[in-house]
Amino acid sequence: MRTESNVRSGGVDAETTIDTLKKFLRGELSAVETYGQALGKLARTEVAPQLEECKRSHEQRAEMLRQQVVRLGGEIPQSSGPWGAFAKLVEGGAKILGERAAIAALEEGEDHGLRLYRDNLSKLDARACAVVDQSLLPEQERTHRVMSALKHRAH
């Protein structure tokens, strides 16, 4: 039930903000898992440094999201949930097919992450929205650019 005491500035209640932050967090955890799997296959290739950098970026974003969930009194999801299972399926296929397929799968994941952040900003309270808009979304855009460049270079 939405009451005046649980509504944050901007008209978004804490529960909606927490649920949205958890969705973002599961996406970041999935990205970390997927990059880890790709690095298992591509650790000795010329793309490994960029993959490591993107993985670290997603790890940092996951930590920022954990902090926001805790700030609001929410419980932190321990796994990536269904997105992680999907990522494993996609990356498993990419491992069989090679570097180009792995990079394409990672770039597709970055596309999904961009859409997720952009489409759900309105479901956040003002403070969480500022964190996403000023920190998380620019980093998502950066890792997306890295993977898009790798994808175009590989094809």
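Colleague: At the start of α5, which residue has a side-chain oxygen that reaches to the backbone nitrogen of R127?

Modeller: In this predicted model, the backbone nitrogen of R127 has a side-chain oxygen within 3.3 Å of it, at the start of α5. The residue that supplies this oxygen is D125.

Colleague: How many helices does the protein have?

Modeller: From the N terminus on, the elements run α-α-α-α-α. The secondary structure includes zero strands, and its helices number five.

Colleague: What share of the contacts between residues at least 6 apart in sequence joins residues at least 24 apart?

Modeller: The protein has 155 residues, of which 43% are buried. Among contacts between residues at least 6 apart in sequence, the share that joins residues at least 24 apart is 76%.

Colleague: What distance does α5 reach from its first C-alpha to its last?

Modeller: Helix α5 runs over residues 126-154, which gives it 29 residues. At 1.5 Å a residue, a reach of 42 Å is expected. The distance in the model is close to that, at 40 Å.

Colleague: On which residue is the kink in α5 centred?

Modeller: The kink in α5 is of about 40°. Buried residues of this helix include A128, V131, V132 and L136. The kink is centred on one of these, V132.

Colleague: Which helices are among those that cover the buried residues of α5?

Modeller: The buried residues of α5 include L137, Q140, T143, H144, V146, M147, S148 and L150. Their cover includes three helices, spanning residues 14-42, 48-71 and 99-120. These are α1, α2 and α4.

Colleague: Is S148 buried or exposed?

Modeller: S148 is found in helix α5, and its side chain is joined to that of E107 by a polar contact of 3.1 Å. Its relative accessible area is 15%, and the limit for a buried residue is under 20%. S148 is therefore buried.

Colleague: What distance separates the C-alpha atoms of R145 and E107?

Modeller: R145 has its place in helix α5 and counts as exposed because its relative accessibility is 53%. R145 and E107 are 38 residues apart along the chain. Their C-alpha atoms are separated by 8.7 Å.

Colleague: What do the end C-alpha atoms of α2 show as the distance between them?

Modeller: Helix α2 has 24 residues, so at 1.5 Å a residue it should span 34 Å. The distance between its end C-alpha atoms agrees with this, at 35 Å.

Colleague: Against which helices do the buried residues of α2 pack?

Modeller: The buried residues of α2 include L51, C54, H58, R61, L65 and V69. Just after this helix, G73 takes a positive phi of about 85°. The buried residues of α2 pack against α1, α4 and α5.

Colleague: Which residue meets R61 in a salt bridge?

Modeller: Side chains of opposite charge can pair when their charged atoms come close. R61 in helix α2 has a partner in helix α1, 33 residues apart, and the N to O distance is 3.6 Å. R61 counts as buried because its relative accessibility is 1%, and the partner also counts as buried, at 2%. That partner is E28.

Colleague: With which residue does K55 form a salt bridge?

Modeller: An α-helix has 3.6 residues a turn, so residues three or four places apart point the same way. K55 and its partner both lie in helix α2, four residues apart, and their closest N and O atoms are 3.4 Å apart. The partner counts as partly exposed, at 33% relative accessibility. It is E59.

Colleague: Which residue forms a salt bridge with E63?

Modeller: E63 and its partner are three residues apart in helix α2, so about one helical turn separates them. E63 is partly exposed at 37% relative accessibility, and the partner is partly exposed at 26%. Their closest N and O atoms are 3.4 Å apart, and the partner is R66.

Colleague: Which side chain of opposite charge is nearest to K22?

Modeller: K22 lies in helix α1 and touches V69, E75 and P77, not counting residues up to four places away in sequence. K22 is buried yet has no salt bridge, although the protein's count comes to nine salt bridges. The nearest side chain of opposite charge is 5.1 Å away and belongs to D19.

How values were computed: Residues are numbered from 1 along each chain as its sequence is written. This is a predicted model: local features need pLDDT of at least 70, side-chain atom pairs count only at pLDDT 80 or more; totals for chains, interfaces and linings use all residues. Side-chain values use heavy atoms; hydrogens and water are left out. Helices (H or I, at least four residues) and strands (E, at least two) are DSSP runs, numbered from the N terminus. The expected span of a helix is 1.5 Å times one less than its number of residues. The bend at a residue is the angle between axes fitted to the seven residues ending there and the seven starting there. Buried means under 20% relative accessible area, exposed over 50%, partly exposed in between (1.4 Å probe, protein chains only). Contact means heavy atoms within 4.5 Å. A polar contact is a pair of N or O atoms within 3.5 Å; within protein, one must be able to donate a hydrogen and the other to accept it, and residues adjacent in sequence count only if both atoms are side-chain atoms. Lys and Arg count as positive and Asp and Glu as negative; His and the chain ends are not counted. A salt bridge is a side-chain nitrogen of Lys or Arg within 4 Å of a carboxyl oxygen of Asp or Glu.
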